[in-house]
Amino acid sequence: QVQLVESGGGLVQAGGSLKLSCAASGRIFSINPMGWYRQAPGKQRELVATITSGDTTNYADSVKGRFTISRDSAKNTWYLQMNSLKPEDTAVYYCHGHVVAKDYRDIDYWGKGTLVTVSS
């Protein structure tokens, strides 16, 4: 069984910063890619950022230049540094990992989400 657990969400004023973490645990062989998605009230879940095992990153246009995704593969943990936050960044943020388990099955896993609220 694999679990992904996010942390670091909270309430912040516009212009502020937050750093999210996602820690994966279980019988993991590898995780590639690692990513962050978000879902605002009344909207569909959308991609925020992904990072591959080769450190190739991809960002939604709305967060480019403000958010940075990084990873510590040795710890099966990845991060999302969010700077210059805007009220429209308010959402539940979910981490996602494409996991290859130690039995070599590959499955997509999601965390339960962490709420980020940006006040104006």
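This report describes the fold, surface, aromatic pairs and backbone features of one protein chain.

**Overall build**

The model is a predicted one. The protein chain contains eleven strands and zero helices. Read from the N terminus, the order of elements is β-β-β-β-β-β-β-β-β-β-β. The radius of gyration of the protein chain is 14 Å, close to the 14 Å that the globule rule gives for 120 residues, so the chain is as compact as a globular protein of that length. Along the principal axes, the C-alpha atoms occupy a box of roughly 50 × 25 × 25 Å.

Of the contacts in the protein chain with a separation of 6 or more, 55% are made by residues 24 or more positions apart. Buried residues make up 40% of the 120 residues in the protein chain.

**Surface and charge**

The protein chain has an accessible surface of about 6500 Å². Carbon and sulfur atoms contribute 47% of that surface. The protein chain carries 13 positive and 10 negative charges, and the mean positions of these two sets are 4 Å apart.

**Aromatic pairs**

How many aromatic pairs does the structure hold? There are two aromatic pairs.

One of them joins Phe 29 and Tyr 104. Their ring centres are 5.5 Å apart and their planes stand at 65 degrees, so the pair is edge-to-face. An angle over 60 degrees is what places a pair in that class. Phe 29 belongs to strand 4 (residues 28–39), while Tyr 104 sits in the loop between strand 9 (91–101) and strand 10 (106–110), so the pair ties together parts that are 75 residues apart in sequence. Phe 29 is exposed, at 53% relative accessible area. Tyr 104 also counts as exposed, at 58% relative accessibility.

The pair of Tyr 37 and Trp 110 has ring centres 5.0 Å apart and planes at 65 degrees, so this pair is edge-to-face as well. Tyr 37 lies in strand 4 and Trp 110 in strand 10, so the contact of the two rings ties together parts that are 73 residues apart in sequence. Is Tyr 37 buried or exposed? With a relative accessible area of 18%, Tyr 37 is buried, because the cut-off for a buried residue is under 20%. Its partner Trp 110 is partly exposed, with a relative accessible area of 37%.

The two pairs are set out below.

| Pair | Distance between ring centres | Angle between planes |
|---|---|---|
| Phe 29 and Tyr 104 | 5.5 Å | 65 degrees |
| Tyr 37 and Trp 110 | 5.0 Å | 65 degrees |

**Backbone features**

Strand 4 also holds Pro 33. The peptide bond that joins Asn 32 and Pro 33 is cis, with omega about 0 degrees.

Where is Asp 55 found? Asp 55 is in the loop between strand 5 (46–51) and strand 6 (57–59). Phi of Asp 55 is near 70 degrees, which is a positive value in a residue other than glycine. Asp 55 is partly exposed, with a relative accessible area of 47%.

Ser 84 is placed in the loop between strand 8 (77–82) and strand 9. For Ser 84, a residue other than glycine, phi is positive and near 50 degrees. The relative accessible area of Ser 84 is 39%, and the residue is partly exposed.

Methods
Residues numbered from 1 in each chain as written. Predicted model: local features only at pLDDT ≥ 70, side-chain atom pairs only at ≥ 80, totals over all residues. Heavy atoms only, no water. Helix = DSSP H or I, 4+ residues; strand = E, 2+ residues; numbered from the N terminus. Rg over C-alpha atoms; globule rule 2.2 N^0.38 Å. Buried < 20%, exposed > 50% of the residue type's maximum accessible area, 1.4 Å probe, protein only. Contact = heavy atoms within 4.5 Å. Areas by Shrake-Rupley, 256 points an atom, 1.4 Å probe, with all protein chains shown as cover. Lys, Arg positive; Asp, Glu negative; His and termini not counted. Charge placed at Lys NZ, Arg CZ, Asp CG, Glu CD. Phe/Tyr/Trp six-rings, centres within 6.5 Å; stacked < 30°, edge-to-face > 60°.
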